[in-house]
Amino acid sequence: MGEIQGQDDGRPSFAWRDLLQRWSDEWLGPVRHEHEQERVEPFPDEVRRARWLGAAGATCEEVGALEGRLGVTLPMSYRQFLLTSNGWLNTTHGIDRILAAHEVGWTRDLDSDLVTGWTGGYGDAGFRVDDDQYFVYGEAQDPVSIRPEYLPHTLKISHTPDATDVYLLNPGVVTSDGEWEAWYLAHWLPGAVRYRSFWDLMNDEYRSFRDER
């Protein structure tokens with residue numbers, strides 16, 4: 001799980017199809033527990049027949065149009081995700097869907113209340129996170145250690161009605177290979193769980209999904 005392959009031009013190639021197909025199969029397959037009846041998740045019949053929770057992949061033109069609209073070059077892991085599946089249904093019970101390319105936008109434009117809720121409260125308090133606290137990933141990370149000033153400039157790539165649970169990509173923190181930091185901001189967290197890339201976030205969400213099951 002979590003394999004990253006190489007492309008001929010030296011850029012990483014992320015094994016999205018493999019990960020997303022396994023995720024689809026496990027969501028769509030009934031789960032039987034001892035002393036329980038089969039549990040079937042409420043997905044449309046056409047999704048069950050296709051055995052795929054996503055959509056057709058975006059075209060290069062569609063991804064290029066998104067980059068042109070935003071005025072950025074998207075990180076490779078997210079770009080390859082869109083080319084594999086232009087949107088996605090539930091990843092876990094916390095995220096309703098990942099947006100298609102034409103729906104994606106800056107958080108300040110798509111969810112101004114979310115931005116105000118964080119930047120107002122933390123900004124007024126003079127909240128600051130030093131680098132030695134901020135640049136910690138994995139189990140040692142404290143979800144409180146976020147920088148709310150990044151939030152207006154993040155890219156909102158998911159939607160969950162009536163909840164603040166959301167996936168965000170942060171162009172304010174970029175790895176040496178061009179990956180943007182990825183956030184999982186949730187109502188049950190005192191901040192966000194942050195990852196070095198969208199690929200890392202989705203692999204961790206897949207593990208969380210399996211633990212829930």
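Is strand β8 (residues 180-185) largely enclosed by the rest of the structure or left open, and how many of its residues are buried? Select residues 180-185 to find out, keeping in mind that this is a predicted model. In β8, 6 of the 6 residues are buried, so the strand is largely enclosed by the rest of the structure.

**Stop 1: the partners of β8**

Keep β8 highlighted and add residues 166-174, which make up strand β7. The two strands run antiparallel and are joined by 6 bridges. For a handy landmark, click on Val166, which stands opposite Leu185 in β8. Then follow the chain through the turn: β7 and β8 form a hairpin with 5 residues between them. Within that turn, look for Gly178, whose phi is positive, at about 85°.

Now select residues 192-195, strand β9. Here 4 bridges link β9 to β8, and again the pair is antiparallel. Trp183 has Arg194 of β9 as its bridge partner. This pair of strands is a hairpin too, with 6 residues between β8 and β9.

While you have the strands on screen, try showing their side chains. In a regular strand, side chains alternate between the two faces of the sheet.

**Stop 2: two nonpolar cores**

Next, show Tyr78, Phe81, Leu155 and Met202 as sticks. These are the residues with the most contacts inside the largest nonpolar core, which has 44 residues. Contributors of at least two residues each include β7 and β8, along with the helices α1 (16-28), α3 (60-70), α4 (76-84) and α8 (198-212). Apart from this core lies another, of 15 residues; Trp183 and Leu185 are among its members, as are Tyr134 and Tyr137.

Return to Phe81 and display its surroundings. Leaving aside residues up to four places away in sequence, Phe81 touches Trp16, Leu20, Gly87, Trp88, Ile98, Phe198 and Met202.

**Stop 3: two loop residues with positive phi**

Which residue in the loop between α2 (45-50) and α3 should you pick next? Choose Arg51, which sits in that loop. Its phi is positive, about 55°, although Arg51 is not a glycine. Arg51 has a relative accessibility of 31%, so it counts as partly exposed.

Finish at Asp162, in the loop between β6 (158-159) and β7. Asp162 is likewise not a glycine, yet has a positive phi of about 60°. With a relative accessible area of 86%, Asp162 is exposed.

Terms used: Residues are numbered from 1 along each chain as its sequence is written. This is a predicted model: local features need pLDDT of at least 70, side-chain atom pairs count only at pLDDT 80 or more; totals for chains, interfaces and linings use all residues. Side-chain values use heavy atoms; hydrogens and water are left out. Buried means under 20% relative accessible area, exposed over 50%, partly exposed in between (1.4 Å probe, protein chains only). Two strands pair if DSSP finds at least two bridges between them. A nonpolar core is a set of buried Ala, Val, Leu, Ile, Met, Phe, Trp, Tyr and Cys residues joined through side-chain atoms within 4.5 Å. Contact means heavy atoms within 4.5 Å.
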